[in-house]
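Please take a moment with the sequence and the structure shown here before reading on. The paragraphs that follow go through the chain place by place.

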Amino acid sequence: MMGHTHAMTGAIAWLGLAPAFAALPLLTESSRFIETGIMAGALGPAELVAGAVVCAGAAMLPDLDHPSATIAQTFGPVTWMLSKGVSWISGGHRGATHSLVFAVAMGLGAHWLANTYPIGRDIMVVLLIGLALRAIGVGIPGNKAGSAMINVGLTAGLYAVFLSLSVGYAWLGLAVGIGCLIHVVGDCMTERGCPVLWPLGAKFVLPWKIGIKTGKKFEQKILAPILSVAIIGLLYWRLAPV
Ligand SMILES: [Zn+2]
């Protein structure tokens, strides 16, 4: 699937699921999370939007295994190097990063960062905002350096806005896990499928070759508009005063 499709499904997943997660007793009342309350405040307008952006960015993480993809150029050489590393570790495109193991590991890792290492958490949040912006097409076509500069500026701006609205990131791990997972689900809908149960080699593909062809008419002309409308609708539904 294309970057923007993944990013949009990530935002939709968060806007759709956040209230349901907030209602789970485990995430709000268990003794382990009681002080932080993993979803505490995650439903306020600013945090709901921040969560949607972060989840959209996390939905791009699995494709960092593809160094020549646009997404790898988000922050210029920084994300390109990161992408090279991810690609090398995961064994090329649509390998280990397109699995349940990866989604759970990233979610737990982000949750750990959010609770123990504020600088690491902020780096992660900034990276995810940048990936989300890049995925929806922020940048100048054909100008790598210019695109990276614009993205750095906008990402810093958005991060500052979230900071000024005192957005907390207790829910970071959940958003990252969901974002990675929705990416894997999305790629399973394509004709190439995903190794969901990696390290087992089996590929999960839709039967009878009904999988979506990446970047073709259906994805660009039909799916993209539907997803955009869904995001606007969900934002309105969640944020409009009743
Ligand atoms: Zn992918």
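Val 205 counts as partly exposed, because its relative accessibility is 44%, a value that is neither under 20% nor over 50%. The model in which this is seen is a predicted one. Val 205 belongs to the loop between H8 and H9, and, when residues up to four places away in sequence are not counted, Val 205 touches Cys 188, Thr 190, Glu 191, Arg 192 and Gly 193. Gly 139, by contrast, is a residue to look for elsewhere: the C-alpha atoms of Val 205 and Gly 139 are 33 Å apart in space, and the two residues are 66 positions apart in sequence.

From this loop the reader can turn to the metal site. Which residues coordinate the zinc ion? The ligands are Asp 63 and Asp 187, each through OD, together with His 98 and His 183, each through NE2, and the distances run from 2.0 to 2.2 Å. Read along the chain, these donors have the spacing D-x34-H-x84-H-x3-D. His 98 is in the loop between helix H4 (77–90) and helix H5 (100–116), while His 183 is in helix H8 (residues 172–188), so that the two histidines tie together parts of the chain that are 85 residues apart in sequence. The arrangement around the zinc ion is irregular because the 4 donor atoms subtend angles of 90 to 175°, whereas a tetrahedral set of four would need all angles between 85 and 135 degrees. His 98 counts as buried because its relative accessibility is 0%, and His 183, with a relative accessible area of 0%, is buried as well.

The loop that holds His 98 also holds Arg 94, which lies between H4 and H5. The phi of Arg 94 is near 55°, a positive value in a residue other than glycine, and Arg 94 is buried, with a relative accessible area of 7%. A second residue with this feature is Ser 166, whose phi is positive at about 45° although Ser 166 is not a glycine. Ser 166 is found in the loop between H7 and H8, and at 61% relative accessibility it counts as exposed. As background, most residues other than glycine have a negative phi.

The loop between H7 and H8 leads on to the aromatic rings, since Trp 171 is placed there as well. The count of aromatic pairs comes to 2. In one of them, the rings of Trp 14 and Trp 171 have centres 5.6 Å apart and planes at 40°, so the pair is tilted. This pair links distant parts of the chain, with Trp 14 in helix H1 and Trp 171 in the loop between H7 and H8, 157 residues apart. Tyr 169 and Trp 171 form a tilted pair too, with 5.4 Å from centre to centre and 55° between the planes. Through these ring pairs, Trp 14, Tyr 169 and Trp 171 are linked into a cluster. Are the members of the cluster buried or exposed? Both Trp 14 and Trp 171 are buried, and Tyr 169, at 7% relative accessibility, counts as buried.

The two tryptophans also appear in the largest nonpolar core, which has 59 residues and in which Trp 14, Met 39, Leu 61, Leu 128, Trp 171, Leu 172 and Val 176 are the residues with the most contacts. Helix H1 (3–22), helix H3 (45–58), H5, helix H6 (118–135), helix H7 (144–164), H8 and helix H9 (217–239) each supply at least two residues of this core. Thr 79, in helix H4, is buried, with a relative accessible area of 1%. Apart from neighbours within four places in sequence, Thr 79 is in contact with Ile 71, Ala 72, Gln 73, Thr 74 and Leu 127.

A final view comes from the annotation. In an unreviewed UniProt entry, the annotation "transmembrane region" covers residues 38–59, 96–114, 123–140, 160–182 and 222–239. Over residues 96–114 the model is 79% helix and 0% strand, with the end C-alpha atoms 24 Å apart. Over residues 222–239 the chain is 100% helix and 0% strand, and there the end C-alpha atoms are 26 Å apart.

Methods. Residues are numbered from 1 along each chain as its sequence is written. This is a predicted model: local features need pLDDT of at least 70, side-chain atom pairs count only at pLDDT 80 or more; totals for chains, interfaces and linings use all residues. Side-chain values use heavy atoms; hydrogens and water are left out. Donors are N, O and S atoms within 2.8 Å of the metal (3.2 Å for Na, K and Ca); water is not among the atoms, so sites may look incomplete. Four donors count as tetrahedral if all angles lie between 85 and 135 degrees; four count as square planar and six as octahedral if opposite donors are over 155 degrees apart and all others between 65 and 115; anything else is irregular. Helices (H or I, at least four residues) and strands (E, at least two) are DSSP runs, numbered from the N terminus. Buried means under 20% relative accessible area, exposed over 50%, partly exposed in between (1.4 Å probe, protein chains only). A nonpolar core is a set of buried Ala, Val, Leu, Ile, Met, Phe, Trp, Tyr and Cys residues joined through side-chain atoms within 4.5 Å. Contact means heavy atoms within 4.5 Å. UniProt positions are given in the numbering used here, feature names are shortened, and annotations may be inferred rather than shown by experiment. Rings of Phe, Tyr and Trp (its six-membered ring) pair if their centres lie within 6.5 Å; planes under 30 degrees apart count as stacked, over 60 as edge-to-face and the rest as tilted.
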